[in-house]
Amino acid sequence: MVTSSVPRLVVAAPSSGSGKTTVATGLMAAFAARGLAVSPHKVGPDYIDPGYHALATGRVGRNLDAYLCGPELVAPLFLHGARGCDIAVVEGVMGLYDGAAGQGELASTAQVAKLLRAPVVLVVDASSQSRSVAALVHGFVSWDPQVRIGGVILNKVASDRHEALLREALESVGVPVLGALRRAATVETPSRHLGLVPVAERGAQAVEAVAAMAAQVSAGCDLEALAALARGAGPLPGAAWDAPGAVAGVTAGPGHDRPARPAEGPAPTIAVAGGAAFTFSYAEHTELLTAAGADVVTFDPLRDGHLPPGTAGLVVGGGFPEVYAAELSANEGLRKEVAALAESGAPVAAECAGLLYLCRELDGRPMCGVLDATARMTERLTLGYRDAVAVGDSVLAGAGTRMRGHEFHRTVVEPGAGAAPAWGVLAPVKRVEGFVERGVHASYLHTHWASSPGAARRFVERCRTS
């Protein structure tokens with residue numbers, strides 16, 4: 001059996017807002033500053049934190065999502081990202097034991113820690129408590145004996161006296177205190193309607209924030225003890241995920257069990273939207289498209305006046321087009337090229353922000369006009385995992401294909417579905433949503449193609465033949 005011994009640890013917390021991102025990002029940067037190759041990971045579907053992780057480590061931040069990809073892919077995807085690294089740091093999501101609503105431990109940080117056989121460092125917001133911290137930590141340690149909490153980092157400690165009281169209380173729990181961090185405004189990152197402001201929008205400010213996180217963690221945490229805890233994780237059985245292997249193993253579609261044929265013909269150019277307005281993407285998507293035979297070229301709809309030369313297909317992922325609606329609208333030449341590409345029948349895959357960009361207008365500003373729909377901001381947050389099935393054939397999936405997705409937005413598109421919807425959402429509420437028109441597949445659902453590599457293979461084949 002193939003095994004790996006990548007030193008690793010999971011940074012978790014009792015609840016959101018405890019300081020996981022600050023500690024995890026600072027720890028990644030502190031280890032990197034010591035010359036270690038650090039592999040950064042994030043539990044769940046979050047796209048923003050991995051941007052800060054990438055800034056801290058110089059490596060692509062990767063997600064580990066047991067709901068979107070299945071528990072069986074968590075370790076392989078982790079090993080894929082951690083290839084050649086000296087240590088891996090995994091930032092958790094929400095509270096340690098919080099997962100997909102109503103589905104037990106599924107997609108929780110605790111589940112991922114168990115799948116990775118990794119020790120957990122619990123970040124505790126110690127403000128407004130002293131001795132009670134012992135009861136809190138004891139509860140998290142004893143809740144699931146299979147989750148190994150290897151240490152605690154105390155955050156938002158008010159003073160030396162406060163720290164002494166906290167440490168004294170925790171002596172009875174038997175979990176070592178591996179760090180104590182004071183309140184510091186310099187490590188705070190601004191937030192807005194969907195969470196932290198992405199790295200791509202903050203520039204030098206993001207660099208300074210990550211440097212401050214690294215300095216705070218280096219000064220307040222026992223890096224040697226944390227590294228030793230990571231080294232004690234032990235072997236992790238199984239092989240690393242591999243994009244070419246995933247694509248090669250794809251079957252021809254629902255109802256067929258023959259292997260997919262190797263790609264033939266010249267590599268089609270697939271344009272992938274990037275830049276500050278479209279920062280939400282999983283690294284594995286580009287890797288799968290490349291493995292399936294595409295030449296992937298990133299472009300910025302805020303800055304580039306044209307699609308890449310020879311574009312045969314277009315992928316527009318998630319992000320914040322509502323923040324940049326004026327700039328996107330002003331780039332009329334590019335909008336017209338996108339509309340013409342879609343009109344020609346070329347494959348176009350759009351998720352969430354991409355869906356908004358393809359609409360006729362967003363908050364009253366002209367967009368690409370590919371879809372006869374309008375989009376606008378609302379006060380209501382739509383958030384959660386979704387089980388979905390392809391209603392009909394599209395450039396991403398054959399009719400009946402089951403996929404899991406995630407919604408995360410404060411916008412609404414009217415109508416919510418076209419004459420040919422993209423997905424039939426099965427849970428939590430049955431409905432249809434999205435649009436399939438010509439070669440366009442547009443939907444609010446974020447999907448992770450590592451769980452369905454056939455989507456990438458199908459898309460590239462359509463680009464080659466359209």
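This is a short talk on the nonpolar cores and one open sheet of a predicted model.

I will start with the cores. The largest nonpolar core has 116 residues. Within that core, the residues that touch the most other members are Phe 78, Leu 96, Leu 116, Leu 154, Leu 226 and Leu 289. Helix H1, residues 20-33, supplies the largest share of this core, with seven residues.

Take Leu 226 as an example. Which residues does Leu 226 touch, if we leave out those up to four places away in sequence? They are Leu 9, Leu 27, Phe 31, Val 121, Ile 153, Leu 178 and Cys 221. There is also a second core, separate from the first, with 38 residues. Among its members are Leu 328, Ala 350, Ala 353 and Leu 355.

Now the sheet. Six strands form an open sheet with mixed pairing, and reading across, the order is S13-S12-S14-S15-S23-S22. Why do S13 and S22 each have one side without a neighbour in the sheet? Strand S13, 295-299, and strand S22, 435-437, stand at the edges and each has a single partner strand, so one side of each stays free of a neighbour there. On average, and ignoring direction, neighbouring strands here are turned by 15° against each other.

Look next at one pair inside the sheet. S12, residues 269-273, runs parallel to S14, residues 311-316, and four bridges join them. One detail on bridge partners: Ile 270 is matched with Gly 313 in S14.

Last, a helix. H15, residues 453-465, lies across S12, S14 and strand S15, which covers 348-351. The helix H15 runs at about 145° to S14.

Technical notes: Residues are numbered from 1 along each chain as its sequence is written. This is a predicted model: local features need pLDDT of at least 70, side-chain atom pairs count only at pLDDT 80 or more; totals for chains, interfaces and linings use all residues. Side-chain values use heavy atoms; hydrogens and water are left out. A nonpolar core is a set of buried Ala, Val, Leu, Ile, Met, Phe, Trp, Tyr and Cys residues joined through side-chain atoms within 4.5 Å. Buried means under 20% relative accessible area, exposed over 50%, partly exposed in between (1.4 Å probe, protein chains only). Helices (H or I, at least four residues) and strands (E, at least two) are DSSP runs, numbered from the N terminus. Contact means heavy atoms within 4.5 Å. Two strands pair if DSSP finds at least two bridges between them. Axes are lines fitted to C-alpha atoms, for helices over the stretch in contact, and angles run from 0 to 180 degrees between N-to-C directions.
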